Amino acid sequence: MTPAEAPSYEALRAAFGQDLATDWIPDAVGAVDVAPFLLGGAPSGIDAARLRVPLGSRTEDVPVVPVDVRARLHGLVERALCGHRVRPEVLAYDRVDWDYRHAFRTRQQRLTELAARPELPLVLALDVHRLSRSLPLRALHDAPWATPELSAALAALDRAAGRPLLPGHRWANRLAAAVLSPVDTVVARLAPGRWLRWGDDWHVFVHAPAEADEVREAVGRALAPLGLAPSEHKTRTLPATTVLSGTARDVRGDPGDAWRRGLEQGDARALRYALPRAAPTPQISRSVPGAVRHRPELLPRAVQYLARAVDTPEGRAAVRALLPAASPFTCARLLALAATHRALAADVPDELLTRSYASGSVALRSLATRVAALTTRLRLTPDPPPRLRPWLALGADPNRWPPLLTTLL
């Protein structure tokens with residue numbers, strides 16, 4: 001794609017499909033009607049609801065916007081960045097056709113190669129302090145690739161959500177990858193051919209601690225004009241051989257074995273690896289509710305597993321066990337699953353549907369309406385959101401335009 005070329009609709013649509021895999025609340029109709037939003041301009045108004053989500057050992061309130069806003073921002077960002085190129089050492093969200101799994105494998109391979117170089121015994125792991133919360137709007141407005149339309153949309157988002165970047169959104173990660181390019185230039189000058197960036201995480205392989213200190217200080221100075229700073233908690237110098245150990249290691253092997261090992265060792269990474277890949281078994285299904293209660297961040301991938309297990313007694317029992325006292329975050333994932341299986345929809349209690357429909361989130365209201373329609377309970381959701389009406393008019397078929405359950409969360 002030459003700098004003058006805007007991305008095609010097909011490229012935008014494919015990228016947005018991956019974006020939906022990081023949505024905190026699955027879209028009720030799989031964004032089947034996304035074309036006019038992707039190709040349209042800035043959103044006329046932005047309504048940002050709040051959702052409390054588990055992020056590892058902590059929970060955080062994140063802004064959630066409707067899919068039409070998300071898609072419009074996606075299209076604006078890709079058109080703005082069509083002539084921008086990041087350095088080849090940047091492996092995350094570097095172009096419109098970026099693919100997570102391919103890029104992650106490339107990252108692991110290159111880190112392994114760099115860690116094997118005997119003249120580079122240390123690695124500086126450097127992370128930006130809370131990038132999506134800390135980046136000021138002016139840093140995006142001042143970027144050379146910013147367009148007036150994109151700047152106006154980000155300003156509206158900043159007013160509605162309190163930040164110009166939303167965590168988990170592909171378009172936001174694309175902007176983050178681009179806005180950090182001046183810092184990449186500094187790292188490339190100090191450590192040519194010896195570094196990689198994934199999101200806002202740099203790994204810089206160095207000869208000695210003094211060199212790591214030099215790079216750290218230079219990156220801090222380069223981040224300051226952007227209103228950012230290195231994370232004191234996550235930035236550290238480590239033996240190069242540890243770069244792919246601990247939470248950064250690449251889990252492989254039989255998913256069933258990984259699940260058992262994850263439960264025995266309290267290994268969240270192994271559990272995350274196993275859930276999208278494991279064939280349903282009674283043993284795994286029975287252990288899923290307990291694992292999710294202990295680690296709520298596993299829920300999106302657990303639902304991906306349960307989608308394959310719902311036709312088994314243990315799989316359906318696992319869904320029932322997760323339904324009582326569900327938080328809005330839990331409701332969103334379980335309602336998306338129930339929206340694709342009429343038998344599961346019948347298990348959703350009236351109170352959960354009413355509570356979800358009364359929430360401030362259009363996305364959660366839409367899922368509640370879809371589940372209610374499958375079980376003749378539309379009285380509980382009397383005013384269907386506009387994007388649900390075509391689906392309802394076509395007979396409310398659970399197999400038509402189903403929510404996306406595949407997830408990268």
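**Close-up 1. Helix 13 and helix 14 cross in the left-handed sense.** In this predicted model, the axes of helix 13 (residues 282-294) and helix 14 (residues 299-309) come within 11 Å and cross at roughly 160 degrees. Because angles over 145 degrees count as roughly antiparallel, helix 13 is described as roughly antiparallel to helix 14.

**Close-up 2. Residues that meet between helix 13 and helix 14.** From helix 13, the contacting residues are I284, S285, V288 and V292, and on the side of helix 14 they are met by L299, A302, Y305, L306 and A309.

**Close-up 3. Strand 1 and strand 2 form a hairpin.** Strand 1 covers residues 49-55 and strand 2 covers residues 58-64, and the two pair in the antiparallel sense over seven bridges. One of the bridge partnerships can be followed from A49 to V64, the latter lying in strand 2. Two residues stand between the strands of this hairpin, and in the turn G56 has a positive phi of about 65 degrees.

**Close-up 4. Cysteines C82 and C331.** With a disulfide taken as a pair of cysteine sulfur atoms within 2.5 Å, the count in the model comes to zero disulfides. C82 has a relative accessibility of 12% and therefore counts as buried, since buried means under 20% relative accessible area. C331, at 1% relative accessibility, likewise counts as buried.

Terms used: Residues numbered from 1 in each chain as written. Predicted model: local features only at pLDDT ≥ 70, side-chain atom pairs only at ≥ 80, totals over all residues. Heavy atoms only, no water. Pairing = 2+ DSSP bridges. Helix = DSSP H or I, 4+ residues; strand = E, 2+ residues; numbered from the N terminus. Buried < 20%, exposed > 50% of the residue type's maximum accessible area, 1.4 Å probe, protein only. Axes fitted to C-alpha atoms, helices over the stretch in contact; angles between N-to-C directions. Parallel < 35°, antiparallel > 145°, perpendicular 65-115°, else oblique. Left-handed = near helix turned anticlockwise from the far one by under 90°. Contact = heavy atoms within 4.5 Å.
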